[in-house]
Amino acid sequence: MGSVGAKEVPVLLSPEGLRVDGRRLDELRPLRIQAGPLHQADGSAFVEWGANKVMAAVYGPREVHPRHLQQNNKAVIQCKYNMAAFSVDERKRPGLDRRSQEISKVIAEAFESVVFAEEFPRTSIDIYIEVLQANAGTRCAGLVAASVALADAGIPMVDLLPAVAVGKVAGEIALDLKKEEDNFGEADLPMALVPQSGRLVLLQMEGHMTPEELSKALDLGVVGCKSIYEKMKGALRDRYTVEPSAAAEAA
Ligand code: CDP
């Protein structure tokens with residue numbers, strides 16, 4: 001640990017170019033995705049990403065609540081992102097705060113770009129994201145979990161939506177920030193992209209970057225998203241692939 005003024009800050013980048021947890025700048029945290037762990041939901045997914053643990057459940061298309069949100073030409077996509085009181089070091093006040101509302105809104109909007117909502121007029125597609133353990137990048141982990149949960153629910157979409165936060169730590173552009181890097185780094189840039197077209201459907205930034213750094217960060221994020229995309233497809237394959245022996249037994 002180094003010290004800046006009265007505040008103890010960790011050494012974010014070693015002389016060898018390694019980060020607080022030993023990762024290189026272009027390395028993701030370990031990511032494990034399970035599709036379909038919840039039986040009551042129409043679709044679900046559990047994501048463990050570094051120290052983040054996030055559950056997503058999808059219901060629908062179903063009746064719209066509250067009714068006045070109903071749209072005659074398409075489904076409404078509603079998202080509720082919630083951070084459990086025990087998910088962070090200092091107990092988080094339970095319930096909807098402004099941050100959760102903002103994250104819920106940007107996630108719902110990201111999915112509006114990929115879900116074929118017009119196939120289900122006068123219905124609602126409800127996405128619930130519960131963060132059980134948080135260590136930075138939870139909106140991206142939530143998006144990844146929700147995306148796999150939507151696919152698990154059989155909701156037709158253009159594509160899955162991989163997401164990752166890129167940032168700037170110790171003057172360098174780094175992939176997939178963890179908590180210390182998010183807290184003490186210079187910038188945090190969560191993004192989500194449609195892999196087939198390369199279109200960004202979520203992009204936010206806190207902190208400072210030069211245009212050149214921003215461009216480098218976007219490139220790094222795209223590479224990260226592609227590798228996350230493979231894991232998302234893998235999770236769905238694991239859930240829906242029938243072993244040849246099981247198929248023979250069922251026949
Ligand atoms: O989680 P994400 O990076 O998408 O969102 P953020 O608002 O940038 O929050 C970064 C991290 O700060 C979270 O992942 C939590 O680990 C932490 N946090 C917290 O400790 N208490 C809160 N009330 C909100 C966030």
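**Exercise 1.** What should the 15 residues of α1 span at 1.5 Å a residue, and how far apart are its end C-alpha atoms?

*Solution.* The model is predicted. Start with the rule: the expected span is 1.5 Å times one less than the number of residues. For the 15 residues of α1 that gives 21 Å. Now check the ends. The end C-alpha atoms of α1 are 21 Å apart, which agrees with the expected span.

**Exercise 2.** Find the order of the strands in the open sheet of 5 strands, then its edges.

*Solution.* Read across the sheet: β3-β4-β5-β7-β6. The pairing is mixed. Next, look for strands that pair on one side only: these are β3 (31-35) and β6 (76-83), the edge strands. From one strand to the next, the twist averages 15 degrees.

**Exercise 3.** In which sense do β5 and β7 pair, and over how many bridges?

*Solution.* Take β5, residues 52-62, and β7, residues 124-133. They pair in the antiparallel sense, over 8 bridges. For a landmark, use Ala-56: Ile-129 in β7 stands opposite.

**Exercise 4.** Place helices α1 and α2 relative to the strands.

*Solution.* Helix α1 covers residues 98-112 and lies across β6 and β7. It runs at about 145 degrees to β6. Helix α2 (residues 138-152) packs on the sheet and touches β3, β4, β5, β6 and β7. Its direction makes about 150 degrees with that of β4 (43-49).

**Exercise 5.** Which residues of α1 are buried, and what do they pack against?

*Solution.* Apply the cut-off: buried means under 20% relative accessible area. Ser-100, Ile-103, Ser-104, Val-106, Ile-107, Ala-108, Ala-110 and Phe-111 are buried. The buried residues of α1 pack against β6, β7, α2 and β11 (199-203).

Methods
Residues numbered from 1 in each chain as written. Predicted model: local features only at pLDDT ≥ 70, side-chain atom pairs only at ≥ 80, totals over all residues. Heavy atoms only, no water. Pairing = 2+ DSSP bridges. Helix = DSSP H or I, 4+ residues; strand = E, 2+ residues; numbered from the N terminus. Axes fitted to C-alpha atoms, helices over the stretch in contact; angles between N-to-C directions. Contact = heavy atoms within 4.5 Å. Buried < 20%, exposed > 50% of the residue type's maximum accessible area, 1.4 Å probe, protein only.
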